[in-house]
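Got your viewer open? Let's walk through this one together, one selection at a time.

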Amino acid sequence: MHTAKALLKASLGIGSFLKAPMVEAQPRSAAPAPVMVPIRSIGPRERDRIAQHLLALGPHDRYLRFGYAASDEQIQRYVDGLDFDRDELFGIYNRRLDLIAMAHLAFAPDDQLKDCAEFGVSVAEHARGRGYGARLFERAAVIARNEGVGMLFIHALSENTAMLKIARNAGATVVRSGSESEAHLQLPNATFDSRMSEIALEHYAEVDFQLKTRAKQFWALLATLQEIRSGVRAAREQSAP
């Protein structure tokens, strides 16, 4: 962990563009210190985690995320059809390695505009109010910028005020058309700073994920040992004269 933090601090000192994704540990009135939010890339081996996260969304949240009341079958088809070679997916995990917030940065197919991408995000109900959606959007903007994207789009229902607020706060132009809204954010060209930011933040998130994985394995092993010890103790008590 110290190595990851050292790399991150070194990269953050390179230029003014770099800004680590932060959330507030306490309400604003308490003058909190910012807390780092590890955002990790998601690969095809984690389709099950993606499905669990999306299937756990309630009907209204599914409606806001997909623009329609997606059924379990429709969500599973979406997960099965994800193109990890073309698009970028990344998310935030808790200590149990549950995916509690996830973003999908979809790039245009090869035969269409290559300098455009679309952003979609979902956050578990119990993890809201921590700024995760905004942090994921910031990360998406960095990734898109480094991939040569000049225009980042968000297509959302007009009632999805949380998503539209994130877009507006990032400087995006929001155009409303009835029940739907379209937001677009023009991105600057990639720089050495932006590329170093992406590398450093990804490295930090990967180290954090590996530490959480080892901790989960350790507690699972400890629980098994405790069960064995309890069983041995119970057997001794039963066999005692």
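The tour has two stops: a pair of helices, then a single helix and its surroundings. Keep in mind that this is a predicted model.

**Stop 1: α2 and α4**

Select residues 47–55 for helix α2 and residues 72–80 for helix α4; their axes come within 10 Å and cross at roughly 150°. An angle over 145 degrees counts as roughly antiparallel, and α2 and α4 are therefore roughly antiparallel to each other. Turn the view to look through the pair, and you will find that the crossing is right-handed.

Now show side chains. Which residues of α2 meet α4? They are Arg47, Ile50, Ala51, Leu54 and Leu55, and on the α4 side you can pick out Asp72, Ile75, Gln76, Tyr78, Val79 and Asp80. Colour this contact by residue type: seven residues are nonpolar, one is polar and three are charged.

**Stop 2: α6**

Next, select residues 161–169, helix α6, and highlight Met163, Leu164, Ile166 and Ala167, which are buried. Why do they sit on the same side of α6? Because they cover an arc of only 155° around the axis. An α-helix has 3.6 residues a turn, so residues three or four places apart point the same way.

Rotate to the face turned away from the buried side, and you meet the exposed residues Thr161, Lys165 and Asn169.

To see what the buried residues of α6 pack against, add β6 (116–123), α5 (132–146), β7 (151–157), β8 (173–177) and β9 (180–186).

Finally, click on Gly171, which follows α6 and has a positive phi, near 95°.

Methods:
Residues are numbered from 1 along each chain as its sequence is written. This is a predicted model: local features need pLDDT of at least 70, side-chain atom pairs count only at pLDDT 80 or more; totals for chains, interfaces and linings use all residues. Side-chain values use heavy atoms; hydrogens and water are left out. Axes are lines fitted to C-alpha atoms, for helices over the stretch in contact, and angles run from 0 to 180 degrees between N-to-C directions. Helices (H or I, at least four residues) and strands (E, at least two) are DSSP runs, numbered from the N terminus. Angles under 35 degrees count as roughly parallel, over 145 as roughly antiparallel, 65 to 115 as roughly perpendicular and the rest as oblique. A crossing is left-handed if the near helix is turned anticlockwise from the far one by less than a right angle, and right-handed if clockwise. Contact means heavy atoms within 4.5 Å. Ala, Val, Leu, Ile, Met, Phe, Trp, Tyr, Cys and Pro count as nonpolar, Asp, Glu, Lys and Arg as charged, and the others, Gly among them, as polar. Buried means under 20% relative accessible area, exposed over 50%, partly exposed in between (1.4 Å probe, protein chains only). The arc is that of the directions from the helix axis to the C-beta atoms.
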